[in-house]
Amino acid sequence: STRRYRAPEVLIGEPYSFSADVFSLGCVLLELYHVAEVFQGSSSLDQIYKLGEFMDDLDCWPAGC
């Protein structure tokens with residue numbers, strides 16, 4: 001799968017299930033909402049970092065701080 005749609009458990013090589021597919025769908029829906037790529041990590045580690053940044057900012061989303 002494309003890195004920007006991979007679930008965190010897939011990025012770190014842990015076992016995964018149907019929830020990884022739901023995560024990927026959520027990424028697609030978020031991109032449709034923003035009309036832009038949301039998580040643009042240049043490597044798996046950078047992708048995990050960008051996901052973490054998003055989770056930190058989730059309190060401010062979607063209205064912004």
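Where is the place of V35? In this predicted model, V35 lies in the loop that runs between helix α2 (18-34) and helix α3 (44-56). Although V35 is not a glycine, its phi is positive, at about 55 degrees, and the residue is exposed, with a relative accessible area of 74%.

The interior can be approached through the largest nonpolar core, which has six residues, namely Y5, L11, C27, L30, F39 and L51. One of these, F39, is in contact with R4, C27, L30, Q47, K50, L51 and F54, once its neighbours within four places in sequence are left aside.

R4, one of the contacts of F39, also takes part in charged pairing. Side chains of opposite charge can pair when their charged atoms come close. The structure holds two salt bridges, which are set out below.

| Salt bridge | N to O distance |
|---|---|
| R4 and E31 | 3.5 Å |
| R4 and E37 | 3.1 Å |

The pair of R4 and E37 links distant parts of the chain, since R4 is in the segment before α1 and E37 is in the loop between α2 and α3, 33 residues apart. Salt bridges that share partners join R4, E31 and E37 into one network. Within this network, E31 is buried, with a relative accessible area of 12%, whereas R4 counts as partly exposed at 24% relative accessibility, and E37 likewise counts as partly exposed, at 38%.

Methods
Residues are numbered from 1 along each chain as its sequence is written. This is a predicted model: local features need pLDDT of at least 70, side-chain atom pairs count only at pLDDT 80 or more; totals for chains, interfaces and linings use all residues. Side-chain values use heavy atoms; hydrogens and water are left out. Helices (H or I, at least four residues) and strands (E, at least two) are DSSP runs, numbered from the N terminus. Buried means under 20% relative accessible area, exposed over 50%, partly exposed in between (1.4 Å probe, protein chains only). A nonpolar core is a set of buried Ala, Val, Leu, Ile, Met, Phe, Trp, Tyr and Cys residues joined through side-chain atoms within 4.5 Å. Contact means heavy atoms within 4.5 Å. A salt bridge is a side-chain nitrogen of Lys or Arg within 4 Å of a carboxyl oxygen of Asp or Glu.
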